[in-house]
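Colleague: Please take a close look at the aromatic rings in this model. Then set them in the context of the rest of the fold.

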Amino acid sequence: MNLLHRLLSQSTVIFAARIFGAGLTFLVQVAIARFLGASVLGDYILVMATVNIIAVVMPLGFEATGTYFAAEYRARGEGHMLRGFMTRAYGHIALCGVLLLALGYPVTGLFGEPGKVLAMHWVPAAILCVATAMVFVSGAMLVGLKRPFAGFFAETLLRPMLAIAGFGLALTTSGLGQITALLWVLAIGYLAVAIVQFVILLGSTRQIPLEASPRRDEWRRWWHFAVPWIALVVAGDFFFDIDLLLLSGHLGREELAIFGVCTRVFSLVSFGVGAVYAVTMPDMFESEALKDRAGFHRKIGDANLVATALAVLLLIGVLVLSPFAFMLFGSAFQAGVVPLVILCVGLVIRSMFGPASVMLSVYNRPYTSLPAVAASMATLFVANYLLVPHLGLLGAALAAIIAMTVWSGALWLTALKVAGVDVSIRARLTPGPALMVKAAE
């Protein structure tokens with residue numbers, strides 16, 4: 001089975017599972033809005049956004065590079081290196097988890113409205129942070145070890161199921177106890193899921209042979225990649241979690257809930273594109289580890305083509321189906337249709353620019369991505385400040401797409417200048433550096 005065929009087949013399965021899981025999450029959000037109110041949904045979205053951001057920081061960037069190093073060590077048969085990387089990653093989570101439980105609560109008061117909401121549900125939220133961080137690391141490494149289903153299904157299927165169970169318990173309580181009950185079910189259940197996934201990862205790791213002479217000071221290389229990827233992952237994968245926290249000072253709870261639903265639907269749609277790169281990344285990293293640059297560029301081109309075509313198809317689907325989906329939440333949520341379409345246009349733009357951050361890491365220049373991160377976050381902050389007070393939800397969507405375009409364009413230009421490679425779809429459709437390499441084989 002060639003890579004392009006496997007891309008389509010495995011991405012389809014992963015995306016189908018994500019759709020099913022996201023459908024369950026969508027139903028939970030509908031139920032919260034219908035039975036508990038839009039303001040309660042707004043609080044729940046704020047808590048989950050904060051949990052995601054804290055959790056992705058706890059491994060200190062090692063979850064972001066887990067796929068890369070796991071694929072490299074698997075290809076080279078370096079089991080000692082793989083075990084050392086794992087020890088560091090989970091050690092960071094353990095240390096940060098202790099600090100979070102011991103010192104985190106007093107700090108919540110420094111973060112305004114989101115901090116106040118988080119403080120009311122601190123203990124289950126802190127446990128959920130630890131469990132989520134473990135899933136991030138285990139999932140990334142399992143993808144690198146060519147077990148993408150085991151890597152993705154914990155978050156895509158089991159977490160939504162736990163949310164449904166938590167909502168069922170929330171219906172038996174009242175007041176603030178409703179969200180607290182939901183969070184307790186999520187926290188305890190997801191911690192159990194994280195432990196099981198960790199055991200699966202250990203089983204996969206034992207299959208990698210142990211090298212006779214492990215390289216010394218490999219930890220320096222881990223940190224060289226991990227430090228910039230902390231910023232890249234927080235600002236990239238959790239872009240909208242940051243955005244929701246910023247918008248909490250500009251939008252009311254009901255509008256925040258509407259935009260939160262838009263971002264969750266967008267995350268579902270963008271996961272379909274992300275699954276394409278997740279399936280192909282281990283092969284890309286393996287080609288690079290084996291110094292097969294021609295194969296590396298060819299695989300990027302195939303992934304870009306599939307990702308952009310999928311993004312266009314998903315945009316069409318959103319145009320047709322989103323009005324019906326928002327009807328489930330109530331008439332007030334119809335205001336989210338246009339903002340969601342705007343966000344999905346941004347996904348097409350992002351897909352066309354390609355995985356520039358991956359290219360910069362492969363060329364050992366991960367730090368060159370940081371200016372693009374800073375420019376995107378600054379653009380988001382300024383655009384929210386200028387547009388949201390006057391345009392509300394529409395302004396929030398426009399601010400987001402402007403920031404996403406700045407991010408993608410800046411990364412693409414950086415990769416072109418630093419690595420000398422065009423990672424956009426243009427290189428796949430027209431004769432360029434990547435195709436010239438292919439022709440030279």
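Modeller: The rings come first, then the chain around them.

This is a predicted model, so local features need pLDDT of at least 70 and side-chain atom pairs count only at pLDDT 80 or more, while totals for chains, interfaces and linings use all residues. Residues are numbered from 1 along each chain as its sequence is written, and side-chain values use heavy atoms, with hydrogens and water left out.

A pair of aromatic rings is described by the distance of the centres and the angle of the planes. Here, rings of Phe, Tyr and Trp (its six-membered ring) pair if their centres lie within 6.5 Å; planes under 30 degrees apart are stacked, over 60 edge-to-face, and the rest tilted. The structure holds 16 such pairs. One of them joins Phe-239 and Phe-240, edge-to-face, with 5.0 Å between centres and 85 degrees between planes. Phe-239 is buried, at 5% relative accessible area. Phe-240 is buried too, at 6%. The pair Phe-326 and Phe-329 is tilted, because its centres are 6.5 Å apart and its planes meet at 45 degrees. Both Phe-326 and Phe-329 are buried. Buried means under 20% relative accessible area, exposed over 50%, and partly exposed in between (1.4 Å probe, protein chains only).

Ring pairs also build a cluster. Its members are Phe-62, Tyr-68, Phe-69, Tyr-73, Phe-85, Trp-222 and Trp-223.

Now the fold. The protein has 18 helices and zero strands. Helices (H or I, at least four residues) and strands (E, at least two) are DSSP runs, numbered from the N terminus. Of the 441 residues, 59% count as buried. Contact means heavy atoms within 4.5 Å. Among contacts with a separation of 6 or more, 83% come from residues 24 or more positions apart.

Val-28 gives a case of contact across the chain. Val-28 lies in helix H1 (residues 3-36). It is buried, at 4% relative accessible area. Beyond its neighbours within four places in sequence, Val-28 contacts Ala-163, Ile-164 and Phe-167. The C-alpha atoms of Val-28 and Ala-163 are 6.9 Å apart, with their positions 135 residues apart along the chain.

Next comes helix H2 (residues 38-57). Its expected span is 1.5 Å times one less than its number of residues. For 20 residues that gives 28 Å, and the end C-alpha atoms are 29 Å apart, which agrees. H2 is mostly covered, with 17 of its 20 residues buried.

Two loop residues deserve a check. Most residues other than glycine have a negative phi. Leu-60 has a positive phi of about 60 degrees. Leu-60 sits in the loop between H2 and helix H3 (62-76), and is partly exposed at 26%. Lys-146 has a positive phi of about 65 degrees. Lys-146 is in the loop between helix H6 (122-144) and helix H7 (148-170), and is partly exposed at 38%.

Last, the surface. Accessible areas come from the Shrake-Rupley method with a 1.4 Å probe; for residues, only the protein chains shown count as cover. The total is about 17,500 Å², of which 70% belongs to carbon and sulfur atoms.
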